[in-house]
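Thank you for making time for this today. I would like to walk you through one structure, taking its cysteines first and its pockets afterwards.

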Amino acid sequence: MAIHYQQEEGIFTLHTKHSTYQMKVDAFGFLLHLYYGGRINGSMDYLLTYYDRGFSGNPSNAGQDRNYSMDVQPQEYPVMGTGDFRNTALILRNEEGIVGCDLRYVSHKISQGKYGLKGLPAVYASEDEAQTLEILLEDSVSGVQVQLLYGVLEQEDIITRSVRITNHGNGSIMVEKAASACLDFLSGDYDLLSFWGRHAMERNLQRREIVHGSHVIGSRRGTSSHQYNPAVILAGKGATEDYGNCYGLVFVYSGNFMCEAEKDQFEQTRVLMGLHSDLLHYPLGEGESLVIPETILSFTDKGLGELSLQFHRCIRDHICRGKYRDQPRPVLLNSWEASYFHFSGESICKLAEHAAALGMDMVVMDDGWFGKRDDDNSGLGDWQVNERKLGCTLGEMAERIHGLGVKFGIWIEPEMVSEDSELYRQHPDWAFQIPGRTPIRSRNQLVLDFSREEVRGFIFDRICEVLDQGAIEYVKWDMNRSIAEVYSAENAPGRAAYDYVLGVYDFLEKLLQRYPDILIEGCSGGGGRFDAGMMYYTPQIWCSDNTDAVDRIRIQYGTSFLYPISTVGSHVSAVPNHQTGRSTSLHTRGVVAMAGTFGYELDPAKLTEEEKEEVKEQIRKYKRHAELIRKGDYYRLSNPFKDAYAAWEFLSEDGSRVLLHVVMLEIHGNMPVNYVKLKGLKRDALYEDGGTGKRYYGCALMEAGMPMPMVSGEYAACEVELIMVQEADAD
């Protein structure tokens, strides 16, 4: 059993393979957090201390005892209104405008299997892989009940947390802040690792000491955003890739979020993850509930690398779903950087001919195939095939492409509308915009109100009419702006941002149910909605609109801390690169793109014959390694923001196959030799280099490393494939 309850002490213990999470219902009914860390035995309530702290409030239950204060105690779900003046997980306001809540333990239930969340993505598991703990808390005055949900995947070292808030009182309440996870630490010094960015340069690692005060990251943009990713790591001082205590928090949600990390007056640390309090004023009438999206937690004492592996396995096997979860992804050629809006049906078919000749699996027709859409100023919302532009029907075009032995995919942006469109002229109220104000445009488009079933239902029907015209095997789902005006003509403004995201999930779920064989790739200006919530519906996401190989090394480095390689959409593009103007070799571009789903973003007609042969070899090589890349353990072997080279490794589950990639980021005269140390190998096994035939013991490669060849020229790349040929004791 992963979940244990000691009734006499009121202690709940959640065990995973290598960690323990413990909490206690105390004498007053408060649910206190005791411990989260390496696996232990026994009760940890001895850690609680009680002293008279100046200006810290005392609950009335404590009587004259000034030693008990919620401003000091570690809590599972701290709320505003109990005398806790730190950041809290929940703020409720009643009809009179009074803020206050006092949650006490009522009951609990332990069950086999993992809980699910209606309308929201969540970790899933079979009955024998997980257990669920439900703890019911209640505010006796207001009648508000809060159900804390814990899912434990013991073998995966994963614990999940979600919250359901229900109004069982008389009258309505307003939810103004709600988190799904809180971690309280009584002692210790920690760093917060977060991932900041911008369009075309996402998920840059930032490591910052948690000092007195509050450090807050989040998004108010309606999406999880390019600027901050809804995933953080709490690392002990001195923790490295290979050593130290590390805690990960991944929010399974694609909208506004907020993470707060705070060190208080007594050197205690609190970390909260949940919905952003700005733009959240969610009304709950009598009997109504609000579910807070799930946070995935994981702990290891073996450093950042091991934490990454734990999240990679969880997301790959327990978030991603569908046909392509366990299948190699097709190597595709996307038309965007090949032709942008300037294409015809004939030119797309010509791309398909090139794709077939080069060994690619699919061609994708990107933006510009529908409505009046020859640039990015019009046509969004008018999801009718522009047969005049294509010169044929979509069905005829798909049939022709399939006849070449190539699959066919298309681009869509269902959440958007152009003012210059038939849809907007007929239904201007379907877009988010504040009455009496001129709209705030971004990329000359507005956002459709997907919180309204009528709106998303109409778009869903139009998209299905398109998909039904021909055998479409792939859809790239884009979302190319932030939401600035969160006003719904039908729904309360304070709930529109949350309901919008649920509307997107509803649309995606219906699309997957109707077309289970279609691979959907998420996208939001590249990586603007790269989160575990979208991965529940789209098992791969276009990692960034920036396809420059050198920038991509750094983008993919940050992404890898919490998200598996199988979710990373990555392509070889033309040079000079369209975003940076930088030129790198085709070999280097191929090596970098292999740390992802792999594909091409270029016009093959512009390749030389020599380059075409190299592309064919890249594709053969990728397909040979596809399962290793998709399912193997991924190790970061350098920091490309600091080191002269970028290096990463794929290792098969049984340790018998290794794929090492290295890219030089600096070149100088008379360079020193770089020795790359591998990870995860079997120490006493003998590995053979498939290129040179040289043999090395695993322990040697991990302790001393492998010297990289001296190659002149900028951004040279090196690939090494190692095969275990013998398991033996080292000499």
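What follows is a short look at the cysteines and then at two pockets, and please keep in mind throughout that this is a predicted model.

Let me begin with the cysteines, where the count of disulfides in the structure is 0. If we take Cys 314, the nearest cysteine sulfur belongs to Cys 320 and is 9.8 Å away, and since a disulfide needs two cysteine sulfur atoms within 2.5 Å, Cys 314 is in no disulfide. Cys 314 also counts as buried, because its relative accessibility is 0%. For Cys 543, the nearest cysteine sulfur is that of Cys 523, 10 Å away, and Cys 543 too is in no disulfide. Cys 543 is likewise buried, with a relative accessible area of 0%.

Turning to the pockets, the largest one has a volume of about 670 Å³. Its lining is made up of 24 residues, and those that lie nearest the centre are Glu 306, Leu 309, Arg 313, Asp 633 and Tyr 635. Which elements supply at least two residues each to this lining? They are α1, spanning 303–318, α12, spanning 609–631, and β31, spanning 633–636, with α1 giving the largest share, 6 residues. By class, the lining of the largest pocket has 15 charged residues, 5 nonpolar and 4 polar.

The second largest pocket has a volume of about 530 Å³, and among the 29 residues that line it, His 199, Arg 443, Asn 480, Gly 525 and Asp 545 are the closest to its centre. Here the lining divides into 12 polar, 10 charged and 7 nonpolar residues.

Technical notes: Residues are numbered from 1 along each chain as its sequence is written. This is a predicted model: local features need pLDDT of at least 70, side-chain atom pairs count only at pLDDT 80 or more; totals for chains, interfaces and linings use all residues. Side-chain values use heavy atoms; hydrogens and water are left out. Buried means under 20% relative accessible area, exposed over 50%, partly exposed in between (1.4 Å probe, protein chains only). On a 1 Å grid over the protein atoms alone, a cavity is a set of points where a 1.4 Å probe fits but cannot get out, and a pocket is an open set with protein on both sides within 12 Å along at least five of seven lines; lining residues have an atom within 4 Å of a point. Grid points are joined across faces, edges and corners, and a volume is the space filled by probe spheres set on the points. Helices (H or I, at least four residues) and strands (E, at least two) are DSSP runs, numbered from the N terminus. Ala, Val, Leu, Ile, Met, Phe, Trp, Tyr, Cys and Pro count as nonpolar, Asp, Glu, Lys and Arg as charged, and the others, Gly among them, as polar.
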